[in-house]
Amino acid sequence: MSKKNGKPSAKKEKDFSHKIYKILSKDPNKSFNYKQISAALELNDTQSRNLIIKELKLLAAKEQIEELEKGKYRVIARTDYVEGKIDMTSRKTAYFVSPELEDDVFIPTNNLNKALDKDKVKVYIYNRRKSRRPEGEVVEIIERHKTEFVGVIDIQKNFAFVSTANAKMYTDIFIPKNKLGDAQNGDVVLVKMDDWPEKADSPFGSVIKVLGKPGEHNTEIHAILAEYGLPSDFPVDVEVFAQKIDTEIHPEEIARRRDMRNVLTFTIDPKDAKDFDDALSFQKLENGNYEVGIHIADVSHYLQEGTVLDAEAYQRATSVYLVDRVVPMLPEVLSNFACSLRPHEEKYTFSAIFEISEKAEVRNQWFGRTVIYSDQRFAYEEAQHIIETKGNTISADISLTGEEYTVSPEIQFATLKLNELSKILRSKRMANGAISFDKVEVKFNLNEAAEPVGVYFKVAKDANHLIEEFMLLANRKVAEFIGKQRPEKTFVYRIHDEPDEDKLINLQTVISKFGYKIDFRSKGDISKSLNNLLTDVQGKKEQNLVDTLAIRSMSKAKYSTDNIGHYGLAFDYYSHFTSPIRRYPDVMAHRLLQHYIDGGTTADKEHYEEMCEHSSTMESLAANAERDSIKYMQVKYMLDHQDEEFLGVISGVTEWGIYVEIVSNKCEGMCRIREIRDDYYTFDDKQYALVGEGSGNILQLGDEVYVKVKNADLVKKQLDFTYLRKNE
């Protein structure tokens, strides 16, 4: 123990108090004497023991602990213990987030006590004086968020360490020699955290899978999946079960369904799609109205509850769409064949059928199981061509077959009429306060080796909106049909809460720099001004930045049995019914809908709420994996363009530098403040800008600058740029 003038330092006295309290807090029901505490702290000299006795009496005087009998102390249960989750920063500190607290609580590094990002923990909160922000200390880890991690292994003579690329993972993982498996030095591996001994700096783990060498394409894609605990293939027993399913269309099953095979039906999907979830049927009625059928693959016919296939589908909860592949929720025999509504094949479907007027008013509706026959498969580009030209000739350059062909007059009329009706539905939705997020999607042209050879932007056009509006109609009407029934019935809703006002104020701070503003007078005014904002920025340099920030200001949509409506769509009732091949909540909605159509009583709300929470969690993980795969592909693309100058827009400003998003491909990277050479820059947090001390030059959000690639790290999925100059 360090000493000063022969006495323990004041700092050490404070440390003793802190350590004693920590020991007592770990076992709040047990009492300790000074000898037990000394042993726990590995102190055996008389001076230290006397100090512990003194600290115990001081803590008792402060009423932080109580003396149960002479010399035996126990911690006093306090209301300052709160349960919640850890939100790590990239600087080895964290914030504690709990629904019980109005503000997040800062957790210094030395108070984490082995807690990791998103762990569920119990925290003791102190420093609650008004002049200081609250701080806390983790006293118990209730539940680990994850125990499996992806990283690169560094093998020494008798042990190894695995370090991750995740900036929020502040420790590496120690691997004993006998738990290396087949790993070789430098491999990317998946490791399981087995234990974190009391006195160990790092957790102990074991290698459970070798993913390959860093930087190799398949290694990095599998690493992304493994990082989020997502599968890359199906277990053998699930594949075998799926192969044995009877996928034939039987007359006795047709007899139990509404037969729609003679009604004009077609699909519109991306040109590279393999699973066709939905089809539209169309016919004009004698009264002048139109019958529009939204036909959805009847996955629940094949996916029976209680089977290994259903358990696997539920566990996955969603298909994962990475840049170069799809990891499906269902095996290919179902997702791409039996359930996929392929052209010129009879298929079992679950349908929402509406009688719709010329003004797009729903006059009648019907829900139930059907059988259909798709007459035509369109790519979005083909349907868009019909809408734009009003003709029925599909040119070779956009045709799925690569050859020019002619569409039947019936399908031509149906496409044009459905487009008209969808535009009315969309305009009504927007008038009711829906928010139009048509964010530009980054897509890649890949060669045969799955390497990016080009970048393009996917923009939603009329054909996309046509499908979107009729899917929204089906989802809304199904939810309404169940949600309005009395007595109330358990159902799976897709809910979206109102935006957080603090986030909207932060958005206002940023967009005001570009001359935009949000009207906060009412809920309707907020929606209207957000829509105006998203319209006004289209085609401008700040569009992607503003679109991204606007989306971040919104609450996250999720699944729940408690319906609060959908703010973004301005619907009082909304569900997911239209994509059961790729989303498990849609399967749940189909099962519940059929159960209630058959006269069943309300389902177990608690059971379905648990499934909703799981589905929301898996959806979030899949979205993170998709984002990471895009980042990885962007970095890979930029590796081949390191000598080029790029025009970019400043998308973020921090005390350590500026983030720049390249205009031509949306790749984002950082220019570090110390490497911007044309002046000495400091961060001005009021302007969200870097200010040059000599020139007064300002680099702020939305400014156009020229950059070059300095470093492209495939493993960290990170780009560093060299700042060249401002675009004046």
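Modeller: Let's start with the rule: a disulfide is a pair of cysteine sulfur atoms within 2.5 Å. This is a predicted model, and by that rule the disulfide count comes to zero.

Colleague: Take Cys-667, then. How do you know that Cys-667 is in no disulfide?

Modeller: From the distance. Its nearest cysteine sulfur belongs to Cys-671 and is 14 Å away, whereas the rule asks for a pair within 2.5 Å.

Colleague: And are Cys-667 and Cys-339 buried or exposed?

Modeller: Buried means under 20% relative accessible area. Cys-667 comes out at 0%, so it counts as buried. Cys-339 has 2%, so the label is buried there too.

Colleague: Okay, on to the core. What makes something a nonpolar core?

Modeller: The residues have to be buried ones from the nonpolar list, joined through side-chain atoms within 4.5 Å. The largest set that passes has 147 residues, and those with the most contacts inside it include Leu-334, Leu-530, Met-638 and Phe-721. Helix 17, residues 605–639, gives the most to this core, with 12 residues. A separate core of 18 residues lies apart from it, with Leu-24, Leu-56, Tyr-73 and Tyr-124 among them. As background, nonpolar side chains tend to be buried together in soluble globular proteins.

Colleague: Which residues does Phe-721 contact, leaving aside its neighbours within four places in sequence?

Modeller: Among them are Met-638, Val-660, Ile-662, Cys-667 and Val-709. So the cysteine we just discussed touches Phe-721.

Colleague: Now the sheet. What makes strand 15 and strand 23 edge strands?

Modeller: The order is 15-22-21-18-17-16-23, an open sheet of seven strands with mixed pairing. Strand 15 (258–259) and strand 23 (376–379) each have a single partner strand, so one side of each has no neighbour in the sheet.

Colleague: How do you know that strand 16 and strand 23 are paired?

Modeller: Pairing needs at least two bridges, and four bridges join strand 16 (residues 265–269) to strand 23, with the two running parallel. If you want a spot to look at, Thr-267 stands opposite Arg-377 in strand 23.

Colleague: What packs on those strands?

Modeller: Helix 10, residues 380–389, lies across strand 16 and strand 23, at about 90° to strand 23. Helix 12 packs on the sheet as well, touching strands including 16, 17, 18 and 21, and its direction makes about 105° with that of strand 22.

Colleague: What are helix 10 and helix 11 to each other: roughly parallel or roughly perpendicular?

Modeller: You need an angle and a distance for packed helices. Helix 10 and helix 11 (residues 409–431) pack at about 80°, with axes 10 Å apart. The window for roughly perpendicular is 65 to 115 degrees, so this pair is roughly perpendicular. On the helix 10 side Ala-383, Ile-386 and Ile-387 do the touching, meeting Gln-412, Thr-415, Leu-416 and Asn-419 in helix 11.

Colleague: Back to strands for a second. How many bridges join strand 13 to strand 14?

Modeller: Seven, and the strands run antiparallel; the pairing rule asks for at least two. One spot to check is Met-193, which stands opposite Gly-205 in strand 14. Strand 13 (residues 188–195) is also joined to strand 10 (residues 148–155), antiparallel, by five bridges. There, Glu-148 has Lys-192 as its bridge partner.

Colleague: What makes Asn-113 and Ala-450 worth flagging?

Modeller: Most residues other than glycine have a negative phi. Asn-113 has a positive phi of about 50°, and Ala-450 has one of about 65°. Asn-113 sits in the loop between strand 7 (105–107) and strand 8 (120–126), while Ala-450 is in the loop between strand 26 (441–446) and strand 27 (452–458).

Colleague: Which burial label does each get?

Modeller: The cut-off for buried is under 20%. Ala-450 has 13%, so it counts as buried. Asn-113, at 25%, is therefore partly exposed.

Colleague: Where is Pro-487, and what is its peptide bond like?

Modeller: The bond from Arg-486 to Pro-487 is cis, with omega near 0°. Pro-487 is in the loop between helix 12 (462–483) and strand 28 (493–495).

Colleague: Last one: why is Ile-597 called partly exposed?

Modeller: Its relative accessible area is 35%, and the label covers what lies between the 20% and 50% cut-offs. Ile-597 is in helix 16 (residues 584–597), and its contacts beyond four places in sequence are Phe-367, Gly-368 and Phe-481.

Methods. Residues numbered from 1 in each chain as written. Predicted model: local features only at pLDDT ≥ 70, side-chain atom pairs only at ≥ 80, totals over all residues. Heavy atoms only, no water. Buried < 20%, exposed > 50% of the residue type's maximum accessible area, 1.4 Å probe, protein only. Contact = heavy atoms within 4.5 Å. Axes fitted to C-alpha atoms, helices over the stretch in contact; angles between N-to-C directions. Parallel < 35°, antiparallel > 145°, perpendicular 65-115°, else oblique.
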